[in-house]
Amino acid sequence: MSRAAPTPAVDENGVYAFFESGDLIAFDHAGNKLWQRSLSADYGRFQNEFGLGASPLQDDDTLFFLIDHEGPSYLLAVDKGDGRTLWKTDRTPRRSWSSPAWLKVGEESHVVCSSGGTVDGYDPADGKLLWSLEGVGGNTLTTPLAFADGACLISASPGRRGENALEARRSNLLLQVDSTGDSFHVEPRWRTEEATVGFASPIVHKGCAYWINSVGAVFCFDKNDGKKHYVQRIKQPCWATPLAVDDRIYCFGKDGLTTVLQAGSEFRILAENQLWDPRSVTVNEAAIAGEKTDERRRAAARFTGPIQYGIAAVGDRLLIRTGKRLYCIGVD
């Protein structure tokens with residue numbers, strides 16, 4: 001896992017970067033450091049075998065960090081202005097790399113965490129646990145996708161060796177959270193036992209919910225009732241979450257091939273574009289051999305070449321991040 005896997009947060013005042021070391025650093029847009037602190041020094045070093053992956057969530061004044069690992073885990077709220085802790089809510093230790101997200105429930109906004117066995121909703125003002133869904137498995141990598149009042153997609157993976165296969169089959173679902181006065185009612189509106197994911201989070205666009213898994217299978221369902229529209233294979237697995245624009249779904253393949261799909265219930269490939277020549281990629285055998293276990297050697301082999309990790313749309317440009325490069329794609 002990259003030592004800088006979490007995606008930075010940005011607003012009009014600055015950029016907020018978080019690293020596996022526990023360092024949290026804020027800069028203004030001129031590159032001047034505003035403040036810095038170490039979560040590892042304050043609360044202990046992270047103990048995940050494959051690093052840290054959770055990106056910060058933000059509102060106007062606060063950064064939220066989900067620190068789930070095999071040591072003492074917690075959800076943390078930090079003041080953007082000076083980096084001080086506003087509140088800290090302890091969580092049970094779990095192996096997970098997923099990021100928190102916002103979920104609107106009526107007039108309230110909740111911080112929702114889908115991570116290592118539960119889906120939990122927290123009050124952003126004080127960190128109070130508002131609701132929880134248990135019996136979830138394999139939800140260790142992807143971010144919940146909120147798309148309507150109280151509704152969000154939850155996704156799960158069977159794991160590298162299929163260790164979460166049984167639980168994950170019932171953990172790809174549409175979760176509905178409703179306010180009932182002083183409490184909340186939480187239940188799955190529909191589930192799919194067919195869809196699985198890898199690193200890419202699900203998306204919703206034009207009435208359809210999409211999952212993409214670690215072998216490049218695209219699953220498309222009706223977002224309201226879970227009716228399956230299609231399951232089709234593209235040429236590469238996607239580690240970056242797809243991007244939906246107008247009538248197109250952009251699927252960013254791990255090895256540089258972006259597949260553009262027609263949005264909607266019918267599977268149709270509109271274009272395929274390779275960002276780099278796969279024949280030019282060399283495998284770093286020394287890095288693989290340097291790992292101490294077979295599991296870590298297999299994991300290292302997946303990271304030796306360039307990988308389309310994440311993307312962002314900025315105006316009429318696409319920014320695509322790999323391990324060593326940042327590409328800007330656009331039309332002059």
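Threonine 258 lies in strand S23, which covers residues 257–262. The model is predicted.

**Threonine 258**

Threonine 258 has a relative accessible area of 9%. Buried means under 20%, so threonine 258 is buried. Isoleucine 234 is 24 residues away from threonine 258 along the chain. The C-alpha atoms of these two residues are 9.8 Å apart.

**Aspartate 178**

Aspartate 178 sits in strand S15, residues 173–179. Its relative accessibility is 35%. Buried ends at 20% and exposed starts over 50%, so aspartate 178 counts as partly exposed. Asp178 also belongs to a negative surface patch. The other members of that patch are Glu107, Glu108, Asp149 and Glu187.

The two strand residues are set out below.

| Residue | Strand | Relative accessible area | Class |
|---|---|---|---|
| Threonine 258 | S23 (residues 257–262) | 9% | buried |
| Aspartate 178 | S15 (residues 173–179) | 35% | partly exposed |

**The whole chain**

The protein chain holds four helices and 27 strands. S15 and S23 are among those strands. Of the 332 residues in the chain, 48% count as buried. Threonine 258 is one of the buried residues.

How do the overall dimensions look? The C-alpha trace spans about 50 × 45 × 45 Å along its principal axes. The radius of gyration of the protein chain is 20 Å. A compact globule with 332 residues would have a value near 20 Å, so the chain agrees with that expectation.

How values were computed. Residues are numbered from 1 along each chain as its sequence is written. This is a predicted model: local features need pLDDT of at least 70, side-chain atom pairs count only at pLDDT 80 or more; totals for chains, interfaces and linings use all residues. Side-chain values use heavy atoms; hydrogens and water are left out. Patches are made of residues with over 30% relative accessible area and no salt bridge: like charges are joined within 9 Å, nonpolar side chains (Val, Leu, Ile, Met, Phe, Trp, Tyr) within 5 Å. Accessible areas come from the Shrake-Rupley method with a 1.4 Å probe; for residues, only the protein chains shown count as cover. A salt bridge is a side-chain nitrogen of Lys or Arg within 4 Å of a carboxyl oxygen of Asp or Glu. Lys and Arg count as positive and Asp and Glu as negative; His and the chain ends are not counted. The place of a charge is taken as NZ of Lys, CZ of Arg, CG of Asp or CD of Glu. Helices (H or I, at least four residues) and strands (E, at least two) are DSSP runs, numbered from the N terminus. Buried means under 20% relative accessible area, exposed over 50%, partly exposed in between (1.4 Å probe, protein chains only). The radius of gyration is taken over C-alpha atoms; the globule rule is 2.2 Å times the number of residues to the power 0.38.
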